[in-house]
Amino acid sequence: MTRFIHDKFAKDYLEELLKDYGEVKASEKVSGEIKEIDVLFTPNQQQKSNLQILGLLGRFAENLAIIEPFRNPASADEICDCILKLLEVKASLRREAKTNKTKLQDSEIPQLWVLTPTVSETRLSSFGTMQKQDWLSGVHFLPDALRTAIVAIHQLPQTPETLWLRLLGRGNVQSQAILELQALPLNHPYQKATLELVYNLRQNLKVNQELETDDRELIMRLEPLYQRDREQAKQEGRQEGIQEGRQEGRQEGRQEGEQRLIIRLLNRRIGEINQTLIERIQGLSIEQLENLGEALLDFSNVADLETWLNQQQR
């Protein structure tokens with residue numbers, strides 16, 4: 001089953017996009033029977049004006065929100081489970097307000113956004129959903145008292161405003177969104193980080209033996225894009241390393257420039273690396289550093305780096 005791989009991608013992806021605008025809690029536990037909220041988002045009021053860059057997703061994040069993404073079409077029971085989580089959060093907030101002798105304001109209760117690739121008209125009708133005039137097609141609101149909306153990703157219009165949600169779709173919808181992501185300006189604040197998450201998803205899917213048709217097609221569509229970006233990153237890494245080395249004016253300077261570049265790339269790729277690993281990298285030759293610059297594009301964690309370094313010592 002690859003659902004868990006996609007679930008992790010969705011949580012990591014939403015956290016990456018929303019972390020600059022408030023507090024993001026993934027897999028937040030709620031009271032009652034053991035349940036977890038996929039993403040609980042608390043906005044930072046000082047950052048709300050910048051949310052427009054995320055389009056429709058940014059609009060969801062203007063207020064306290066629970067976001068529940070589904071890889072497969074959400075069933076009626078799954079939607080009910082999401083609503084139950086929201087009601088448990090609301091009940092907890094009411095108890096807290098009562099203890100503090102304060103009144104719980106509507107703005108303190110999260111809005112639930114259930115993200116599903118598709119949803120039938122029969123299912124929407126069973127929940128009594130409605131369209132609101134100032135919202136895009138594909139966003140179906142339940143009665144106001146439930147503070148819930150079902151977002152049918154494949155029903156969203158293909159516009160820049162919906163890009164960041166369509167990336168959580170399936171098949172052609174997700175593939176088209178990835179092409180639009182790749183076409184964004186290189187200085188777009190979320191292009192590079194999002195592509196890295198997509199490539200990590202590709203890598204995690206490739207090692208799975210039980211792929212669905214959509215997953216196999218996604219890997220095939222990503223392969224040329226990944227290889228192209230990999231080659232571009234390799235060339236940029238070499239050029240930056242050479243340039244830094246030339247600025248030093250000597251062979252040692254070039255090597256130090258390569259080392260600094262590789263360490264920066266690793267920190268962005270797999271997180272901050274410790275001093276022991278830094279010292280091992282500093283002991284590599286220029287040729288080995290260039291090889292590491294290519295190899296690190298396939299790293300998913302620190303263990304991949306350690307394995308690569310161990311191979312160099314053989």
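Is E68 buried or exposed? Keep that one in mind while we walk through this predicted model.

**Stop 1: the whole protein.** Show everything as a cartoon and you'll have 12 helices and 6 strands on screen. Of the 314 residues, 46% are buried.

**Stop 2: the core.** Now select L57, W113 and W164: in the largest nonpolar core, which has 47 residues, these three touch the most other members. Color helix 1 (residues 3-18) too, since it gives this core its largest share, 7 residues. Then zoom in on W164 and look for the residues it touches, including Y13, L17, L57, L184 and H188.

**Stop 3: charged pairs.** Side chains of opposite charge can pair when their charged atoms come close. The whole structure has 8 salt bridges, and we'll visit a few.

- Pick D38 and K11. Their side chains form a salt bridge, 3.6 Å from N to O. D38 sits in strand 2 (residues 35-43) and K11 in helix 1, 27 residues apart. Both D38 and K11 are buried.
- Next, try R59 and D134, whose closest N and O atoms are 3.4 Å apart. R59 is in helix 2 (residues 55-60) and D134 is in the loop between helix 4 (121-126) and strand 5 (139-141), so this salt bridge ties together parts 75 residues apart in sequence. R59 is partly exposed, at 26% relative accessibility, while D134 is exposed, at 51%.
- Last, select K85 and E68, another salt bridge at 3.4 Å, N to O. It ties helix 3 (residues 76-99), home of K85, to strand 3 (residues 65-69), home of E68. K85 is buried at 11% relative accessibility.

And our opening puzzle? E68 is buried, because its relative accessibility is just 2%, and the cut-off for buried is under 20%.

How values were computed. Residues are numbered from 1 along each chain as its sequence is written. This is a predicted model: local features need pLDDT of at least 70, side-chain atom pairs count only at pLDDT 80 or more; totals for chains, interfaces and linings use all residues. Side-chain values use heavy atoms; hydrogens and water are left out. Helices (H or I, at least four residues) and strands (E, at least two) are DSSP runs, numbered from the N terminus. Buried means under 20% relative accessible area, exposed over 50%, partly exposed in between (1.4 Å probe, protein chains only). A nonpolar core is a set of buried Ala, Val, Leu, Ile, Met, Phe, Trp, Tyr and Cys residues joined through side-chain atoms within 4.5 Å. Contact means heavy atoms within 4.5 Å. A salt bridge is a side-chain nitrogen of Lys or Arg within 4 Å of a carboxyl oxygen of Asp or Glu. Lists of a residue's contacts leave out its neighbours within four places in sequence.
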